[in-house]
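This report describes the packing, surface and side-chain interactions of a single model. The sequence and structure are shown first, and the description follows.

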Amino acid sequence: MPDEMNWISLLTFFGLVFLVSLSGALFKPGEWYKTLAKPGWTPPDWAFPVGWSILYVMIAIAGWRVWEQADSAMITPVFAVFGVQLFLNAIWSGVFFGMRRMDWALINVGALWLSILANIVAFWMVEPLSGLLLVPYLGWVTFAASLNYAVYRLNPDQGRGIPSTP
């Protein structure tokens, strides 16, 4: 950890991650999701914002720690991976809840999972604690992918987009 915290970069990381989190606020589950069949192991609705809030704090801190410690040769490749996983994270809610494309969301969450794994490795190479901070994120996304798949399987006619009106 650097001797002096760089508050501007820390706030920048929190701001960036906050922007990513807004997709969850813009594309909420709503009535459509409430009507879907879900597996018995689906968490209560309140668990998602609580879980994601904790994870977003950890993601921001991990990114900031790596930013503060990476040498200039590592910044571009490490943060390219970080940016990809943030982008994939940001679009999932819009794909699943907005477009009602559980099938595309499943592809998205698979790509997100791989990008988080790559991000863990990239961060670990710079600062191991930052890589470890992303492990719960990978676990949560593993669970979310399983839930996405289960809901898709239980609702095969609902997972391919908003039905067209006659």
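In this predicted model, the largest nonpolar core has 43 residues, of which I59, F79, F96, F123 and Y137 touch the most other members. Two or more residues of this core come from each of α1, α2 (30-35), α3 (47-69), α4 (72-98), α5 (102-126) and α7 (135-154). The greatest contribution is that of α4, which gives 10 residues.

One of these core residues, Y137, can be followed further. Leaving out residues up to four places away in sequence, Y137 touches W52, L55, I59, Q85, N89, L112 and I116. Its partner I59 is itself among the core residues that touch the most other members.

A second view of the interior is given by G63, a residue of helix α3. Is G63 buried or exposed? G63 counts as buried because its relative accessibility is 0%, and the cut-off for that class is under 20%. Apart from neighbours within four places in sequence, G63 is in contact with F13, F79, F82 and F123. Of these, F79 and F123 also belong to the group with the most contacts to other core members. The C-alpha atom of G63 is 9.5 Å from that of L134, although 71 residues separate the two along the chain.

The surface offers a contrasting feature. A nonpolar patch is formed there by F18, L19, L22, L26 and F27, whose accessible area together is about 510 Å². Within the patch, F18 lies in helix α1 (residues 7-26). Because its relative accessible area is 51%, F18 is classed as exposed, the cut-off being over 50%.

Charged side chains are considered next. The model contains three salt bridges, listed below with the closest N to O distance and the burial of the partners.

| Salt bridge | N to O distance | Burial of both residues |
|---|---|---|
| K34 and E31 | 3.5 Å | exposed |
| E127 and R65 | 2.6 Å | buried |
| D103 and R101 | 2.6 Å | buried |

The setting of two of these pairs can be specified. K34 and E31 are about one helical turn apart, because they lie three residues from each other in helix α2. E127 and R65 form a salt bridge with the closest N and O atoms 2.6 Å apart. E127 is in the loop between α5 and α6 (128-133) and R65 is in helix α3, so this pair ties together parts that are 62 residues apart in sequence.

Two loop residues complete the description. T42 is placed in the loop between α2 and α3. A polar atom of the T42 side chain lies 2.7 Å from the backbone oxygen of P39. Beyond residues up to four places away in sequence, T42 touches Y33 and L147.

The other residue, R100, is found in the loop between α4 and α5. Its phi angle is near 60 degrees, a positive value in a residue other than glycine. What is the accessibility class of R100? R100 counts as partly exposed because its relative accessibility is 27%, and this class covers values between the buried limit of under 20% and the exposed limit of over 50%.

How values were computed. Residues numbered from 1 in each chain as written. Predicted model: local features only at pLDDT ≥ 70, side-chain atom pairs only at ≥ 80, totals over all residues. Heavy atoms only, no water. Patch = residues over 30% accessible without salt bridge, like charges linked within 9 Å, V, L, I, M, F, W, Y side chains within 5 Å. Areas by Shrake-Rupley, 256 points an atom, 1.4 Å probe, with all protein chains shown as cover. Salt bridge = Lys/Arg side-chain N within 4 Å of Asp/Glu carboxyl O. Helix = DSSP H or I, 4+ residues; strand = E, 2+ residues; numbered from the N terminus. Buried < 20%, exposed > 50% of the residue type's maximum accessible area, 1.4 Å probe, protein only. Core = buried A, V, L, I, M, F, W, Y, C linked by side-chain atoms within 4.5 Å. Contact = heavy atoms within 4.5 Å. Polar contact = N/O pair within 3.5 Å; in protein donor to acceptor, adjacent residues only side chain to side chain.
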